[in-house]
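Thanks for coming. I will go through the charged pairs and then one aromatic residue. Please have a look at the structure on the screen.

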Amino acid sequence: MRLTTKGRFAVTAMIDLALRQHSGPVTLSAISQRQNISLSYLEQLFGKLRRHELVDSMRGPGGGYSLAKLARYVTVADIIFAVDEPLDATDCGGKQDCTRGNDGKSGKCMTHELWATLNRKMVEYLDSVSLQDLVDQQRMRELQEASAAKSVLMDRRSGAAEPTAAV
């Protein structure tokens, strides 16, 4: 089972887009710089996302990408499948030809149903997580980080104002 960088990058880029689209279309070059993802790779991914009607593109000055629908209506599964990311824990790719006997006939391996069930559970889970859920989590993380940084700064300022004891 593997989720390659294609799916991970697509989800990351979509979170970045959703976080920033309130101020207009977002350029792929800006996403590329913020997320350290190759611009040409993003162009490939966003071409697929656009064909699956998850993003809209605007050309020209001030152009870029925006979500084609509200983030709460886009699931992680939508994004993963749009970029052709396989989610498959079976060795056979779901074809049920996991084993080959001495007679040359193929069949299901003993654990095929285990891995096929895992596939269904993964898709079910990814379909239950919306892009909005991930945006909300990121905003909360940013608030927590800002609060922690402010707390450290306040501690340093209050510590510097106190007189040090003579030894």
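Aspartate 84 and lysine 48 make a salt bridge, with 3.3 Å between the closest N and O atoms. Keep in mind that this is a predicted model. The two partners come from distant parts of the chain, 36 residues apart. Lysine 48 sits in helix H3, residues 39–51, while aspartate 84 is in the loop between helix H4 (76–82) and strand E3 (99–100). Aspartate 84 counts as partly exposed, because its relative accessibility is 46% and the buried class ends under 20% while exposed starts over 50%. Lysine 48, at 21%, is also partly exposed.

How many salt bridges does a search of the whole structure find? It finds three. The other two share a residue, aspartate 16.

Take arginine 34 to begin with. Its side chain meets that of aspartate 16 in a salt bridge, 2.7 Å from N to O. Aspartate 16 belongs to helix H1 and arginine 34 to helix H2, residues 28–35, so this pair ties together parts that lie 18 residues apart in sequence. Arginine 34 has a relative accessible area of 36%, which makes it partly exposed.

The second partner of aspartate 16 is arginine 20, and here the closest N and O atoms are 3.3 Å apart. This bridge stays inside helix H1, residues 5–20. The two residues are four apart, about one turn of the helix.

Is aspartate 16 buried or exposed? Aspartate 16 is buried, at 1% relative accessible area. Arginine 20, in contrast, is partly exposed at 27%. Put together, Asp16, Arg20 and Arg34 form a network linked by salt bridges.

Now the aromatic residue, tryptophan 115. Tryptophan 115 is placed in helix H5, which covers residues 112–128. With a relative accessible area of 34%, tryptophan 115 is partly exposed.

Which residues does tryptophan 115 contact, once neighbours within four places in sequence are left aside? They are Ala89 and Thr90. For threonine 90, the C-alpha to C-alpha distance to tryptophan 115 is 5.2 Å, and the two are 25 residues apart in sequence. The side chain of tryptophan 115 also has a polar contact with the side chain of threonine 111, at 3.1 Å.

To recap, there are three salt bridges, and Asp16 is linked with Arg20 and Arg34 in a network. That is what I have; questions are welcome.

Technical notes: Residues are numbered from 1 along each chain as its sequence is written. This is a predicted model: local features need pLDDT of at least 70, side-chain atom pairs count only at pLDDT 80 or more; totals for chains, interfaces and linings use all residues. Side-chain values use heavy atoms; hydrogens and water are left out. A salt bridge is a side-chain nitrogen of Lys or Arg within 4 Å of a carboxyl oxygen of Asp or Glu. Buried means under 20% relative accessible area, exposed over 50%, partly exposed in between (1.4 Å probe, protein chains only). Contact means heavy atoms within 4.5 Å. A polar contact is a pair of N or O atoms within 3.5 Å; within protein, one must be able to donate a hydrogen and the other to accept it, and residues adjacent in sequence count only if both atoms are side-chain atoms.
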